[in-house]
Amino acid sequence: TQTILELKRIPLIAGEYKITLTLHDLANPAADVYKDSIVIESPQHNPFLSGLQLIDTAIMVEGSSQNPFLRNNKLQFPMCAAFMDEGRKSIQFYAEAYTNPQSSTALFSHVFISKKEMGAPIHNLSKNDTLTHAAIHPISGSISLRTLPSGNYYLNIVLQDSMNKHLSQRA
């Protein structure tokens with residue numbers, strides 16, 4: 001079982017950020033240092049997608065609890081690693097599409113599993129949805145992995161218009 005001890009959300013303006021996480025163990029004076037960088041994209045006039053998050057556990061809840069894992073009346077605990085063992089029968093995901101609510105353009109999401117990034121869907125493992133005209137539209141669900149043999153795969157999401165033009169994509 002993987003446990004997340006603390007989660008903090010910090011509002012950031014568009015730009016590139018460098019992150020350094022230093023962990024100290026009281027029993028060992030040597031520190032573990034992890035470094036990474038992220039890019040916060042500027043808001044666009046065109047629809048775009050957030051990052052794609054793999055969900056370990058999702059629980060429906062009532063009320064409006066102040067919990068950083070709460071989205072759309074579900075407590076959604078993220079997976080700590082992008083690894084599915086042989087016992088996992090499905091993959092749960094979450095992303096958000098950011099759109100212009102005044103736009104009359106019909107938008108659709110297509111979530112699928114492929115052997116290559118943005119490759120062809122395999123084994124009919126996909127989920128399609130029509131997006132409503134809202135500023136933020138959650139895209140979430142589950143895809144069965146029962147027909148998928150062991151191997152390396154990509155979970156892809158494509159936001160497209162009624163002419164099948166790709167407006168945004170994540171893998």
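This briefing covers the overall fold, one pocket and two buried residues of a protein chain. The model is predicted. The chain holds 12 strands and zero helices. Two residues are then followed in turn, N156 in strand β11 and I143 in strand β10.

**Overall build**

- Read from start to end, the secondary structure follows the pattern β-β-β-β-β-β-β-β-β-β-β-β.
- The C-alpha trace spans about 60 × 40 × 35 Å along its principal axes.
- The protein chain has 171 residues, and 25% of them are buried.
- About 12100 Å² of the chain is exposed, and carbon and sulfur atoms supply 52% of that area.
- Of the contacts between residues at least 6 apart in sequence, 59% join residues at least 24 apart.

**The second largest pocket**

- The volume of the second largest pocket is about 670 Å³.
- This pocket is lined by 22 residues, and those closest to its centre are M84, L145, L148, G151 and Y153.
- By type, the lining of the second largest pocket consists of 14 nonpolar, three polar and five charged residues.

**N156, in strand β11**

- Strand β11 covers residues 154-161, and N156 lies within it.
- N156 counts as buried because its relative accessible area is 0%, and the cut-off for buried is under 20%.
- The side chain of N156 makes a polar contact of 2.8 Å with the side chain of S114.
- The N156 side chain also reaches the backbone oxygen of Y154, at 3.4 Å.
- Leaving out residues up to four places away in sequence, N156 touches H110, V111, F112, I113, S114, K116, E117, M118, R170 and A171.
- S114 therefore appears both in the contact list of N156 and as its side-chain partner in the polar contact, as cut-offs of 4.5 Å for a contact and 3.5 Å for a polar contact allow.

**I143, in strand β10**

- I143 is placed in strand β10, which runs over residues 136-144.
- With a relative accessible area of 4%, I143 is buried.
- I143 and I113 are 30 residues apart along the chain, and their C-alpha atoms are separated by 8.7 Å.
- Apart from residues up to four places away in sequence, I143 touches S90, I91, F93, V111, I113, L125, S126 and L155.

**Shared neighbours**

- V111 and I113 are among the residues that N156 touches, and V111 and I113 are also among those that I143 touches.

Notes
Residues are numbered from 1 along each chain as its sequence is written. This is a predicted model: local features need pLDDT of at least 70, side-chain atom pairs count only at pLDDT 80 or more; totals for chains, interfaces and linings use all residues. Side-chain values use heavy atoms; hydrogens and water are left out. On a 1 Å grid over the protein atoms alone, a cavity is a set of points where a 1.4 Å probe fits but cannot get out, and a pocket is an open set with protein on both sides within 12 Å along at least five of seven lines; lining residues have an atom within 4 Å of a point. Grid points are joined across faces, edges and corners, and a volume is the space filled by probe spheres set on the points. Ala, Val, Leu, Ile, Met, Phe, Trp, Tyr, Cys and Pro count as nonpolar, Asp, Glu, Lys and Arg as charged, and the others, Gly among them, as polar. Helices (H or I, at least four residues) and strands (E, at least two) are DSSP runs, numbered from the N terminus. Buried means under 20% relative accessible area, exposed over 50%, partly exposed in between (1.4 Å probe, protein chains only). Accessible areas come from the Shrake-Rupley method with a 1.4 Å probe; for residues, only the protein chains shown count as cover. A polar contact is a pair of N or O atoms within 3.5 Å; within protein, one must be able to donate a hydrogen and the other to accept it, and residues adjacent in sequence count only if both atoms are side-chain atoms.
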